[in-house]
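Visitor: I have a structure open on my screen and I'd like to learn how to read it. Can you walk me through some features, one at a time?

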Amino acid sequence: MTAPTTAAAVANAFLDIQECDSDQFPRIDQMKLQKLLYYAHAWWLAHKGEELFSEDIEAWPWGPVVRDIYGQFRDFGRRPISGKRATELRKIGDGFLDFQIGEPSAVEDEVKEFLQSIWNAHKNFTGIQLSNSTHMPGEPWTIMRDQFESLDNKPRIPNELIRDVYRSKISAA
């Protein structure tokens, strides 16, 4: 089964949702974007049983990270992300080198509505606060840290682990 979207499309959707929100909240910086991607993917896995996007989520020292998105926005550091959108490499033909870098297609309406709910639940938190919540006991990142002891190699967090932990949260509610 193919994921309904890409991490780049989800990142852009969150940046667009933020632009349309007139409330006061901590703006999206690199860390907040990473945690929004993680929570969107985790809750999608829990509710739908399939991945939201196919890119791996890795256990980095400061929490779950999608490597490609980090690379695209790392220059912002702790500053709010503005004036930039994520891009992706797309196959545009049958040839060996038929690739192009460009903005991803917008997410479908069902995904956008889902991302809006994730945004509403998390927008009032800073990236550090969201990162701290991924470090709580029983969270997938914490399980990976405890298993590997060091996250210097930035291991992939298995989707099955993320799904099962977040499904248990639904069952407990």
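Visitor: Let's start with a helix pair. How are α6 and α7 oriented to each other?

Guide: This is a predicted model, so take each value as computed from predicted coordinates. For a helix pair, look at the angle between the axes: 65 to 115 degrees is roughly perpendicular, over 145 is roughly antiparallel, and what falls between those two ranges is oblique. Here α6 (residues 140-148) and α7 (residues 159-172) pack at about 130 degrees, and their axes are 9 Å apart. That makes the two helices oblique to each other.

Visitor: Which residues of α6 and α7 meet?

Guide: From α6 you have P140, I143 and M144, and from α7 they meet L161, I162, V165 and Y166. Sort that contact by class and you get seven nonpolar residues, with no polar and no charged ones.

Visitor: What do the buried residues of α6 pack against?

Guide: To call a residue buried, check that its relative accessible area is under 20%. In α6, P140, W141, T142 and M144 are buried. The buried residues of this helix pack against α7, but also against α2, α5, and the strands β1 (58-60) and β2 (63-65).

Visitor: And what is the phi of E149, just after α6?

Guide: Phi of E149 is about 65 degrees. When you scan backbone angles, pick out positive phi values in residues other than glycine, and E149 is such a case. E149 sits in the loop between α6 and α7, and at 72% relative accessibility it counts as exposed. K154 has a positive phi too, near 50 degrees. K154 is also in the loop between α6 and α7, but at 27% relative accessibility it counts as partly exposed.

Visitor: Now the interior. How many residues does the largest nonpolar core have?

Guide: Think of a nonpolar core as buried nonpolar residues joined through side-chain contacts. The largest one here has 47 residues, and those with the most contacts inside it are F14, L33, I69, L115 and Y166. You saw Y166 already, on the α7 side of the α6 contact.

Visitor: Which elements give two or more residues to this core?

Guide: They are α1 (7-20), α2 (30-48), α3 (67-73), α4 (109-122), α6 and α7. The largest share, 11 residues, comes from α2.

Visitor: If I click on L33, what does it touch?

Guide: When you do this, skip the sequence neighbours up to four places away. On that basis L33 touches A11, F14, I28, I69, F73 and I81. Two of those partners, F14 and I69, are on the list of residues with the most contacts inside the core.

Visitor: What about S131: is it buried or exposed?

Guide: S131 is buried, with a relative accessible area of 1%. It lies in helix α5 (residues 127-134). Leaving aside neighbours within four places in sequence, S131 is in contact with M31, K35, W62 and G63.

Visitor: On to charges. How many salt bridges does the count come to?

Guide: The count comes to 11. For each one, ask where the two partners sit and how far apart they are in sequence. Take D21 and K123, whose side chains meet at 2.7 Å, N to O. D21 is in the loop between α1 and α2 and K123 in the loop between α4 and α5, so this pair ties together parts that are 102 residues apart in sequence. D21 counts as buried at 14% relative accessibility, and K123 counts as buried at 8%.

Visitor: Where do E110 and K48 lie?

Guide: E110 lies in helix α4 and K48 in helix α2, so their pairing ties together parts 62 residues apart in sequence. The closest N and O atoms of this salt bridge are 2.5 Å apart. E110 counts as partly exposed at 46% relative accessibility, and K48 does as well, at 42%.

Visitor: Which salt-bridge partner does K169 have?

Guide: K169 meets E139 at 2.4 Å, N to O. K169 is in helix α7 and E139 in the loop between α5 and α6, so the pair ties together parts that are 30 residues apart in sequence. K169 counts as partly exposed at 31% relative accessibility, whereas E139 counts as buried at 5%.

Visitor: Which residues are linked in a network of salt bridges?

Guide: Look at D16, E19 and R85, which are linked in such a network.

Notes:
Residues are numbered from 1 along each chain as its sequence is written. This is a predicted model: local features need pLDDT of at least 70, side-chain atom pairs count only at pLDDT 80 or more; totals for chains, interfaces and linings use all residues. Side-chain values use heavy atoms; hydrogens and water are left out. Axes are lines fitted to C-alpha atoms, for helices over the stretch in contact, and angles run from 0 to 180 degrees between N-to-C directions. Helices (H or I, at least four residues) and strands (E, at least two) are DSSP runs, numbered from the N terminus. Angles under 35 degrees count as roughly parallel, over 145 as roughly antiparallel, 65 to 115 as roughly perpendicular and the rest as oblique. Contact means heavy atoms within 4.5 Å. Ala, Val, Leu, Ile, Met, Phe, Trp, Tyr, Cys and Pro count as nonpolar, Asp, Glu, Lys and Arg as charged, and the others, Gly among them, as polar. A nonpolar core is a set of buried Ala, Val, Leu, Ile, Met, Phe, Trp, Tyr and Cys residues joined through side-chain atoms within 4.5 Å. Buried means under 20% relative accessible area, exposed over 50%, partly exposed in between (1.4 Å probe, protein chains only). A salt bridge is a side-chain nitrogen of Lys or Arg within 4 Å of a carboxyl oxygen of Asp or Glu.
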